[in-house]
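Visitor: I have a chain to look over. Could you take me through it step by step?

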Amino acid sequence: DRSESARSASKGGKIWQHISALTFGHAAALCDQLRLVLEPTVASRLAGDFKTGKRISMRRVIEFVASDYRRDRIWLRRVRPEKRAYDV
């Protein structure tokens, strides 16, 4: 009776390891995709071309330098409040 339950547990462990090995790559890929979708990013909450703000838009800095420092709307501000917090 004990040897049969030991064999059954051993067989179940092997099956679990096999299934885990098969699904590990897919689970990791799905987790990465979900993290990209669910993780709120600062860049998506900041927008606009302002004279003052929180972060500098690097795309606008190039235009700012090219315009001999006249077009000074290079700052991004928070335009959409993000109250959700996702931990994946």
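Guide: One definition before the questions. A residue is buried under 20% relative accessible area, exposed over 50%, and partly exposed in between. Bear in mind that this is a predicted model.

Visitor: What pattern does the chain follow, read along the sequence?

Guide: Start with the inventory. The chain holds three helices and three strands. Reading along the sequence gives the pattern α-α-β-β-α-β.

Visitor: In what order do the three strands form the open sheet?

Guide: Look at the pairings of strand 3, residues 75–78. Three bridges tie strand 3 to strand 1, residues 46–50. Two bridges tie strand 3 to strand 2, residues 55–56. The pairing is antiparallel, and the order is 1-3-2.

Visitor: Which strands stand at the edges, each with a single partner strand?

Guide: The sheet is open, in the order 1-3-2. An edge strand here has a single partner, so one of its sides lacks a neighbour in the sheet. That describes strand 1 and strand 2.

Visitor: In strand 3, which residue is the bridge partner of Leu 46?

Guide: Strand 1 and strand 3 run antiparallel. Strand 1 covers residues 46–50, and strand 3 covers residues 75–78. The partner of Leu 46 in strand 3 is Arg 78.

Visitor: Which residue in strand 3 does Phe 50 stand opposite?

Guide: Strand 2 helps to place the answer. Ile 56 has its bridge partner in strand 3, and that partner is Trp 75. Phe 50 also stands opposite a residue of strand 3, namely Trp 75.

Visitor: How far apart are the closest N and O atoms of the salt bridge between Lys 51 and Asp 72?

Guide: A search of the whole structure finds two salt bridges. One of them joins Lys 51 to Asp 72. The cut-off is 4 Å from nitrogen to carboxyl oxygen. For this pair the N and O atoms are 4.0 Å apart.

Visitor: How many residues apart are Lys 51 and Asp 72?

Guide: The pair links distant parts of the chain. Lys 51 sits in the loop between strand 1 and strand 2, whereas Asp 72 sits in the loop between helix 3 and strand 3. Their separation is 21 residues.

Visitor: Is Asp 72 buried, exposed or partly exposed?

Guide: Its relative accessible area is 29%. Buried needs under 20%, and exposed needs over 50%. Because 29% falls in between, Asp 72 counts as partly exposed.

Visitor: Which residues does Asp 72 touch, not counting those up to four places away in sequence?

Guide: Its salt-bridge partner, Lys 51, is one of them. Another is Phe 64, which counts as buried at 18% relative accessibility. With those up to four places away left out, Asp 72 touches Phe 50, Lys 51 and Phe 64.

Visitor: Where do Glu 63 and Arg 60 both lie?

Guide: Their side chains meet in a salt bridge, 3.0 Å from N to O. Glu 63 is partly exposed, with a relative accessible area of 31%. The two residues are three apart, about one turn of the helix, and both lie in helix 3.

Visitor: Which kind of aromatic pair do Phe 64 and Tyr 69 form?

Guide: A search of the whole structure finds one aromatic pair. The ring centres of Phe 64 and Tyr 69 are 5.2 Å apart, with 80° between the planes. Planes over 60 degrees apart are the criterion. So the pair counts as edge-to-face.

Visitor: Is Tyr 69 buried or exposed?

Guide: Its ring partner, Phe 64, has 18% relative accessibility and counts as buried. Tyr 69 has 54% relative accessibility. Because the exposed class begins over 50%, Tyr 69 is exposed.

Visitor: Which residue's backbone nitrogen does the side chain of Ser 67 reach?

Guide: Ser 67 lies in the loop between helix 3 and strand 3. At 4% relative accessibility, Ser 67 counts as buried. Its side chain reaches, at 3.2 Å, the backbone nitrogen of Arg 71.

Visitor: What percentage of the residues of the chain count as buried?

Guide: The accessible surface of the chain comes to about 7700 Å², and 57% of that belongs to carbon and sulfur atoms. Ser 67 is among the buried residues. Of the 88 residues of the chain, the buried share is 9%.

Methods:
Residues are numbered from 1 along each chain as its sequence is written. This is a predicted model: local features need pLDDT of at least 70, side-chain atom pairs count only at pLDDT 80 or more; totals for chains, interfaces and linings use all residues. Side-chain values use heavy atoms; hydrogens and water are left out. Rings of Phe, Tyr and Trp (its six-membered ring) pair if their centres lie within 6.5 Å; planes under 30 degrees apart count as stacked, over 60 as edge-to-face and the rest as tilted. Buried means under 20% relative accessible area, exposed over 50%, partly exposed in between (1.4 Å probe, protein chains only). Two strands pair if DSSP finds at least two bridges between them. Helices (H or I, at least four residues) and strands (E, at least two) are DSSP runs, numbered from the N terminus. A polar contact is a pair of N or O atoms within 3.5 Å; within protein, one must be able to donate a hydrogen and the other to accept it, and residues adjacent in sequence count only if both atoms are side-chain atoms. Accessible areas come from the Shrake-Rupley method with a 1.4 Å probe; for residues, only the protein chains shown count as cover. Contact means heavy atoms within 4.5 Å.
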